[in-house]
Amino acid sequence: MDKNTKDLKIAVAGTGYVGLSIATLLSQHHQVTAVDVVKDKVELINNRRSPIQDDYIEQYLAEKELNLTATMDAEAAYQDADFIVIATPTNYDPVKNYFDTRHVEEVIEVVMKVNPEAIMVIKSTIPVGYTENIRAKYNCHNILFAPEFLRESKALYDNLYPSRIIVGRPEGDKRLNDAAHLFAQLLQEGAIKEDIPTLFMGLTEAEAVKLFANTYLALRVSYFNELDTYAEVKGLDTSNIIQGVCLDPRIGSFYNNPSFGYGAIACQKTRNSCLLTMQMYQRT
Ligand SMILES: NC(=O)c1ccc[n+]([C@@H]2O[C@H](COP(=O)([O-])OP(=O)(O)OC[C@H]3O[C@@H](n4cnc5c(N)ncnc54)[C@H](O)[C@@H]3O)[C@@H](O)[C@H]2O)c1
């Protein structure tokens, strides 16, 4: 790709937490078209109102000068875009042990039809090995994977102050390596935080980062929920125990709040989440 960042056109597929936060971030400096299949969401965005609850997105849409339009016409949005960011839903079905990536493929198929030279960046959560498989399946060599680490309701904030930027690209492909650096530059340009740790790695390694980050967080929630349930059963004060445990700097006081009073339910949910993640890991 032989372009500087000044005149880039970007399309974003999906206007949920991931897609709308990225579209808002990038539209501060570039022409962005957000695509969704839900008419109401498209209309709200074009009226500068957020279809999701997120204080920063609501404020940016209402107050900032953004070069952002929304549409349901995917072909028109993708056909002259330099980058297409894919932020459509993916779901893991634990019963069928199947990861549903069909909405990601819907987007890839349209892009392959109308603009096969565009660079696609998958932001949706996908199983490890997916991007390499999809490159082979569609004989498409223009796909990057950039894992997303945001929290719901703080989606734009987490993109304005990201913990890190990671872009996966195939090793040894100079063109895609340049595109990966350009995409990272766009995310840095839109952010408020400076000196954001930025890593480039293989596609499958980038997918593994997302899997193991999710696994660790699910294990941590599960651990504190177990602690909470234990305290409840024994009639002990949970917060005293957590405070005492977390003052060990190896454990730390972050992300340690069990769902007090809902321990058993939340615990079962996070146990499931851990199990799912480990199953995804075993399948690869
Ligand atoms: N929400 C999070 O905290 C979070 C964090 C990291 C990663 N992710 C991952 O990012 C992806 C998106 O998550 P989300 O929370 O933004 O999802 P979401 O369900 O809130 O939004 C997805 C949007 O995509 C739209 N869509 C579906 N098919 C489409 C198509 N073919 N073209 C255009 N739009 C289409 C839907 O109508 C919906 O508005 C998922 O894979 C999710 O696992 C989510």
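In this predicted model, a polar side-chain atom of aspartate 36 lies 2.6 Å from an oxygen atom of the ligand, and two further residues make polar contacts of this kind, as the table sets out.

| Residue | Atom of the residue | Distance to a ligand oxygen atom |
|---|---|---|
| Valine 18 | backbone N or O | 3.0 Å |
| Aspartate 36 | polar side-chain atom | 2.6 Å |
| Lysine 41 | polar side-chain atom | 2.6 Å |

Taken alone, the ligand exposes 840 Å², of which the protein buries 81%. The ligand is surrounded by 22 residues, and the closest of them are Asp36, Lys41, Thr90, Glu106 and Thr125. To the shell around the ligand, helix H1 (17–26) and helix H5 (102–114) each supply at least two residues.

The largest nonpolar core comprises 42 residues, and those with the most contacts inside this core are Ile10, Leu26, Leu68, Phe83, Leu144 and Phe183. Helix H8 provides the largest share of this core, with 8 residues. Apart from this core lies another, of 28 residues, which includes Ala74, Tyr130, Ile143 and Leu203. When neighbours within four places in sequence are left aside, isoleucine 10 is in contact with Leu26, His30, Gln31, Val32, Thr33, Phe83, Val85 and Leu186.

Helix H8 spans residues 174–190, and its 17 residues reach 25 Å from the first C-alpha to the last, close to the 24 Å expected at 1.5 Å a residue. The N-terminal end of H8 is capped by aspartate 173, a side-chain oxygen of which lies 3.2 Å from the backbone nitrogen of arginine 175. Among the buried residues of H8 are Leu176, Phe183, Leu186 and Gly190.

Definitions and conventions
Residues numbered from 1 in each chain as written. Predicted model: local features only at pLDDT ≥ 70, side-chain atom pairs only at ≥ 80, totals over all residues. Heavy atoms only, no water. Helix = DSSP H or I, 4+ residues; strand = E, 2+ residues; numbered from the N terminus. Expected span 1.5 Å × (residues − 1). Buried < 20%, exposed > 50% of the residue type's maximum accessible area, 1.4 Å probe, protein only. Polar contact = N/O pair within 3.5 Å; in protein donor to acceptor, adjacent residues only side chain to side chain. Core = buried A, V, L, I, M, F, W, Y, C linked by side-chain atoms within 4.5 Å. Contact = heavy atoms within 4.5 Å. Near = heavy atom within 4 Å. Areas by Shrake-Rupley, 256 points an atom, 1.4 Å probe, with all protein chains shown as cover.
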